[in-house]
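Trainee: I would like to learn how to read a model like this one. Where do we begin?

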Amino acid sequence: MSSQLETVIAYHEATKHRFEKYARGPGRMDWATQPEAFRCYAGAPRIQLDIDPPGDDPSYDSVFSCNSEIAVASLDSRSISRLLYDSMALSAWKSADGVSWPLRINPSSGNLHPTECYLVCGAVADLCTSPMICHYAPKEHELEVRVEIPCQIWEKLVKELPDKTILLGFTSIHWRESWKYGERAYRYCQLDVGHALGAVALAAAALGWEAKLLDAPGSDQLGKLLGVDSQAGAEAEVPDCLLAIFPRGAMTGHLSHNFDIVEQFDGLPWQGIPNRLSSSNRDWERIDQVAQASRKPFLYPDYPLWEAPADEVHVTAGSGSFRRIIRQRRSAVAMDGISSMPLVTFYRLLARTVARSAMPPFNLVAWPPVIDLVLFVHRVDGLAPGLYLLLRNRERLEELRKSVDVEFLWQRPASCPEGLDLYLLSATDVGAVAMEISCYQDIAAEGCFSIGMLAEFSRPLENLGPWFYPRLFWECGMIGQVLYLEAEAAGLRGTGIGCFFDDALHGLLGLGGNCYQDLYHFTVGGAVEDKRLATMPAYSMRPK
Ligand SMILES: Cc1cc2nc3c(=O)[nH]c(=O)nc-3n(C[C@H](O)[C@H](O)[C@H](O)COP(=O)(O)O)c2cc1C
């Protein structure tokens, strides 16, 4: 095992919450060093983006369709504004007792938002006359122009990509999360990247576009491209990933791209100085170590051959406007313990979490699904309460069967549609155990169901390398994003759960070792509204 892989696995073990001891955190909230809510680049020229209020189109269901009929939007200032407005923008302001705070389309653990977003584009009608790299400023829904790039550099960058491609990059400021959560925060940052990936892939689909992860560039090259490679210290942005976004169906064949051109980026006239987020920072050495060990080298990943099924699972359609649903998405802070979910809605929700070849958001990545869902079913009409497993990659069936508790039933519910690999493992009340495993949070027991996301862990890390570690969480975050939206579409509410006792879930399933690891939890149910909170629109104060 390489020393980097050892570092990653040691980090993972050390940051498990255990019944007897939580992962190492700051102990108490140090309000004096609470990070600023927004990163900005002082001195960078700004471009105001359009606000395009949501209407009825496109319908929520059409965005997930494998044979989407959504018209392909032309690439201009309006469509770029809408892409960001529907994925990374603010969705509302909340206030209580004289304090107000923003919420965003993409959720984040503790609402701390470590994920920063960058647009890299060529000349775009009504937006810019030359190629540029911009930091997205969600507070104002504006672009901060970090640098204009010569046309020949841009052309080389996108030479092998479809016509009308734009690039979106993500970075993370780990300090935002470690300030509150300590050593486990690196995991939460990666889950947040996954949510952001899901949000962008769906917003692109709503414009008739498609998003693909450019998985060859190394972290060094991404850092250079996004202009963050010279940042240092606790508040530095660490490059995560890069997406190509282009008209749906424009890409045929393999994504190959040459990134040597970014070597020339050092000499460009970068503008803007990153703001200081906290007056002082606490170092979390283990986070720096895992971030370093999981940096990606430049390589075309050698993912196992796997083709996502092309057919959609036949489930009853839902209703509603996609753009309204993404804006009303919120996390439930309490569940009512009584609402139940109709069976058809449950199956539709599960079907949306499974990769299909042309269905967003999972068509964004090229690796075979590595996450399966362990379901704690409490209140789904017509389905026995109990512990279930949804396989997201059928190839794991036999191995999982051999790995888990021999007493499990492995019964497919008679009502389960073709194409969904759902199994009842044990028909029993799982309310108390779901709550206990999720750090005693009642929301895991008082919803309709909760989920533990079980990753195939050691094999992909050993076969592909430690750089795959963050990607395990990205897949979980994308699943979480779909669950949030499906819950809203069903008139219910979801909440991501980053706090859980890892090995307690493994123990419940009878799993030992680290072939499989539990990486994220989620709950869906009828929310109890907090009446003390007032809600204000996201950009009502912005000058027109
Ligand atoms: C990765 C992740 C982990 C989270 N973990 C928890 C949790 O353990 N408990 C909880 O009540 N909420 C949790 N949340 C919900 C966040 O606190 C919530 O997303 C955030 O406050 C923003 O609110 P919003 O989702 O309504 O926009 C989590 C969210 C994410 C994305």
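Mentor: Begin with the terms. Helices and strands here are DSSP runs, with at least four residues for a helix and at least two for a strand, numbered from the N terminus. Keep in mind that this is a predicted model.

Trainee: How many helices and strands are there in the protein?

Mentor: The protein has 15 helices and 18 strands.

Trainee: How do I read the overall dimensions?

Mentor: Set the radius of gyration against the globule rule. A compact globule of 544 residues would come out near 24 Å, and the protein has 22 Å, so the two agree. Along the principal axes, the C-alpha atoms fill a box of roughly 65 × 55 × 50 Å.

Trainee: And the packing?

Mentor: Look at burial and at contacts. Of the 544 residues, 48% are buried. Now take contacts between residues at least 6 apart in sequence: 82% of them join residues at least 24 apart.

Trainee: What does the domain assignment of the protein give?

Mentor: Two entries: domain 1 (3–65 + 72–293) and domain 2 (322–525). Their C-alpha centres lie 25 Å apart.

Trainee: How many residues of each domain are in contact with the other?

Mentor: 42 residues of domain 1 are in contact with 42 residues of domain 2. On the domain 1 side, the elements giving two or more residues are helix H1 (3–14), helix H2 (60–63), H6 and strand E9 (209–213). H6 gives the most, with 14 residues. By type, this side of domain 1 divides into 24 nonpolar, 10 polar and eight charged residues.

Trainee: How is the size of an interface often given?

Mentor: Often as the accessible area lost when the parts come together. Here we have counted residues in contact instead: 42 from domain 1 and 42 from domain 2.

Trainee: Now the ligand. Which residues around the ligand come nearest?

Mentor: Of the 18 residues around the ligand, the nearest are Pro107, Asn111, Ser331, Gly496 and Gly498. Two elements give two or more residues to this shell: helix H6 (185–205) and strand E16 (493–497). H6 has the largest share, four residues. So H6 is worth marking on two counts, since it also gives the most to the side of domain 1 that touches domain 2.

Trainee: What is the make-up of the shell?

Mentor: Six residues are nonpolar, 10 are polar and two are charged. Each of domain 1 and domain 2 supplies at least three residues of the shell.

Trainee: How do I read a single helix? Which residues of helix H15 are buried?

Mentor: Find the buried residues, then ask where they point. In H15 (residues 502–509) they are Leu505, His506, Leu508 and Leu509. These residues cover an arc of only 160° around the axis, so they sit on the same side of H15. What covers them includes strand E12 (371–377), helix H12 (431–437), strand E15 (449–456) and strand E17 (516–525). After H15 comes Gly510, with a positive phi near 80°.

Trainee: Let us try one loop residue. Why does Val124 count as partly exposed?

Mentor: Count neighbours. Val124 has 19 C-beta neighbours inside 10 Å, so it counts as partly exposed; buried needs 20 or more. Val124 lies in the loop between strand E5 (115–121) and strand E6 (132–137). Leaving aside neighbours within four places in sequence, Val124 is in contact with Leu75, Asp76, Ser77 and Ile80.

Definitions and conventions: Residues are numbered from 1 along each chain as its sequence is written. This is a predicted model: local features need pLDDT of at least 70, side-chain atom pairs count only at pLDDT 80 or more; totals for chains, interfaces and linings use all residues. The radius of gyration is taken over C-alpha atoms; the globule rule is 2.2 Å times the number of residues to the power 0.38. A residue is buried if 20 or more other C-beta atoms lie within 10 Å of its own, exposed if 12 or fewer, and partly exposed in between; C-beta atoms are placed from the backbone. Two residues are in contact if their C-beta atoms, placed from the backbone, lie within 7 Å. A residue is near a molecule or strand if its C-beta atom, placed from the backbone, lies within 6 Å of it. Ala, Val, Leu, Ile, Met, Phe, Trp, Tyr, Cys and Pro count as nonpolar, Asp, Glu, Lys and Arg as charged, and the others, Gly among them, as polar. Domain bounds come from an automatic or database domain assignment. The arc is that of the directions from the helix axis to the C-beta atoms.
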